[in-house]
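This briefing walks through selected features of one protein chain, grouped by topic. Please look at the sequence and the structure before reading on.

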Amino acid sequence: MRELVTMWRDTRMIMLVAVVAAVYVALLIPFAGFVIIPGITAVRPGNVIPVIFGLMFGPAAAWGSAIGNLINDIFAGQFGPGSAFGFVGNFFFGLIGYKLWGNLGPLSSNVEPDFRERPVRQFVEFVLIAVAASAVCAAIIAWGLELLGLFPFSVLGTIIFLNNTIAALILGPPLLYLTYPRIKSMGLLYPDLLHADDLPEAGATRAQTAAVGLLLVAIAWLAVGIAISLGLQDVPFAADQAETFGEGGATLQIALGAIAFLIVLGLTAISGERLSKLLG
């Protein structure tokens, strides 16, 4: 996890943070008018960026996604208390990819994410990563707005998860096929830029345990949170935002989210990465 701090010592990684943020914003702002929830979220095909850049640029993509989303909030008129949770949620949206790729045991393809070798197994691994990254991002933001008393968990959790996942699954594989070899040939993959001492040190067993744990906790947090909203809080599925505004603040959701977030932080702290070993 220290690579998230030490990467700021490398000028090239800092430049990649700026590139990721700029590309993310450039793809989000044009669609800001296609609003799903006024002041909160809109149609966002640019949500593919944190997932694919996370696989290639590692910690730079986590910071770039968080900063890019914050800039988009400001320009799109969505900046507010919830933007803090949007920053954290998008940080993990970009972080999950490089933590999980190659560390999912039999579910991993054990090759680089270029969709040339073992394409079917790569697609399966990419789907799991896109779902996990989308789920943890959606859960953090939905929990944050529940904490602020703005919306019940399911209202934002469902929309953000679907918005993130659909964009990543449709656009991610072809974009990686086209861009990964070029990024690799330019020497801009995160293992090429970070010092060996800055890469997370984790044995194979610990890295796999943390990766599978992140996958399961992300999905479980989102699923249980939505189930509590729909079942115990009696929030209608696909509820209208105007009808549910101000109905957040459920104690059970806040407590569940606090526990789940601490687990996510703990698993991230002990996690590793595998791309550097796949590169040989």
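Phe91 is buried, with a relative accessible area of 11%. The model is a predicted one. Phe91 pairs with another aromatic residue, Trp63, and the points below begin with that pair.

**Aromatic rings**

- A pair of aromatic rings is described by the distance of the centres and the angle of the planes.
- The whole structure holds 10 aromatic pairs.
- In the pair of Trp63 and Phe91, the centres are 4.8 Å apart and the planes stand at 75 degrees, which makes the arrangement edge-to-face.
- This pair joins distant parts of the chain, since Trp63 belongs to helix α4 and Phe91 to helix α5, with their positions 28 residues apart.
- Trp63 is partly exposed, at a relative accessible area of 22%, whereas Phe91 is buried at 11%.
- Buried means under 20% relative accessible area, so Phe91 with its 11% falls below the cut-off and Trp63 with its 22% does not.
- Both residues also belong to one aromatic cluster, made up of Trp8, Trp63, Phe85, Phe91, Phe92, Trp143, Trp221 and Phe261.
- Elsewhere, a charged residue sits at a ring: Arg116 lies over the face of Tyr177, 3.9 Å from the ring centre.

**Helix α3 and its contact with α4**

- Helix α3 covers residues 48-57 and helix α4 covers residues 59-75.
- The two helices pack at an angle of about 150 degrees, and their axes are 6 Å apart.
- On the α3 side the contact is made by Pro50, Phe53, Gly54 and Phe57, and on the α4 side by Pro59, Ala60, Ala61 and Ser65.
- By type, the residues of this contact are 6 nonpolar, 2 polar and no charged.
- Helix α3 is mostly covered, with 10 of its 10 residues buried.
- Among these buried residues are Val48, Ile49, Met56 and Phe57.
- Just after α3 comes Gly58, which has a positive phi of about 55 degrees.

**A buried asparagine in α4**

- Asn72 is located in helix α4.
- Is Asn72 buried or exposed? Asn72 is buried, with a relative accessible area of 3%.
- Beyond residues up to four places away in sequence, Asn72 touches Val25, Leu28, Ile29, Arg44 and Gln78.
- Asn72 and Ala22 are 50 residues apart in sequence, and their C-alpha atoms are 9.8 Å apart in space.

**The nonpolar core**

- The largest nonpolar core has 76 residues.
- Which residues touch the most other members of this core? They are Phe57, Leu100, Phe126 and Trp221.
- Helix α6 supplies the largest share of the core, 15 residues.
- Setting aside neighbours within four places in sequence, Phe126 is in contact with residues including Val51, Ile52, Leu55, Trp101, Phe115 and Leu176.

**The loop between α5 and α6**

- Helix α5 spans residues 83-100 and helix α6 spans 119-147, and Ser109 lies in the loop between them.
- Ser109 is buried, with a relative accessible area of 0%.
- Apart from residues up to four places away in sequence, Ser109 touches Trp101, Arg118, Arg121, Gln122 and Glu125.
- Gly102 is found in the loop between α5 and α6, and Gly102 is buried at a relative accessible area of 7%.
- Outside its neighbours within four places in sequence, Gly102 is in contact with Ser108, Asn110, Glu125 and Arg274.
- Gly102 and Leu199 are 97 residues apart in sequence and 15 Å apart in space, C-alpha to C-alpha.

**Positive phi values in this loop**

- Most residues other than glycine have a negative phi.
- Phe115 has a phi near 60 degrees, a positive value in a residue other than glycine.
- Phe115 lies in the loop between α5 and α6 and is buried, with a relative accessible area of 10%.
- Arg118 has a phi near 50 degrees, again a positive value in a residue other than glycine.
- Arg118 lies in the loop between α5 and α6, and at 40% relative accessibility Arg118 counts as partly exposed.

Methods:
Residues are numbered from 1 along each chain as its sequence is written. This is a predicted model: local features need pLDDT of at least 70, side-chain atom pairs count only at pLDDT 80 or more; totals for chains, interfaces and linings use all residues. Side-chain values use heavy atoms; hydrogens and water are left out. Axes are lines fitted to C-alpha atoms, for helices over the stretch in contact, and angles run from 0 to 180 degrees between N-to-C directions. Helices (H or I, at least four residues) and strands (E, at least two) are DSSP runs, numbered from the N terminus. Contact means heavy atoms within 4.5 Å. Ala, Val, Leu, Ile, Met, Phe, Trp, Tyr, Cys and Pro count as nonpolar, Asp, Glu, Lys and Arg as charged, and the others, Gly among them, as polar. Buried means under 20% relative accessible area, exposed over 50%, partly exposed in between (1.4 Å probe, protein chains only). A nonpolar core is a set of buried Ala, Val, Leu, Ile, Met, Phe, Trp, Tyr and Cys residues joined through side-chain atoms within 4.5 Å. Rings of Phe, Tyr and Trp (its six-membered ring) pair if their centres lie within 6.5 Å; planes under 30 degrees apart count as stacked, over 60 as edge-to-face and the rest as tilted. A charge sits over a ring if NZ of Lys or CZ of Arg is within 6 Å of the ring centre and within 35 degrees of the ring normal.
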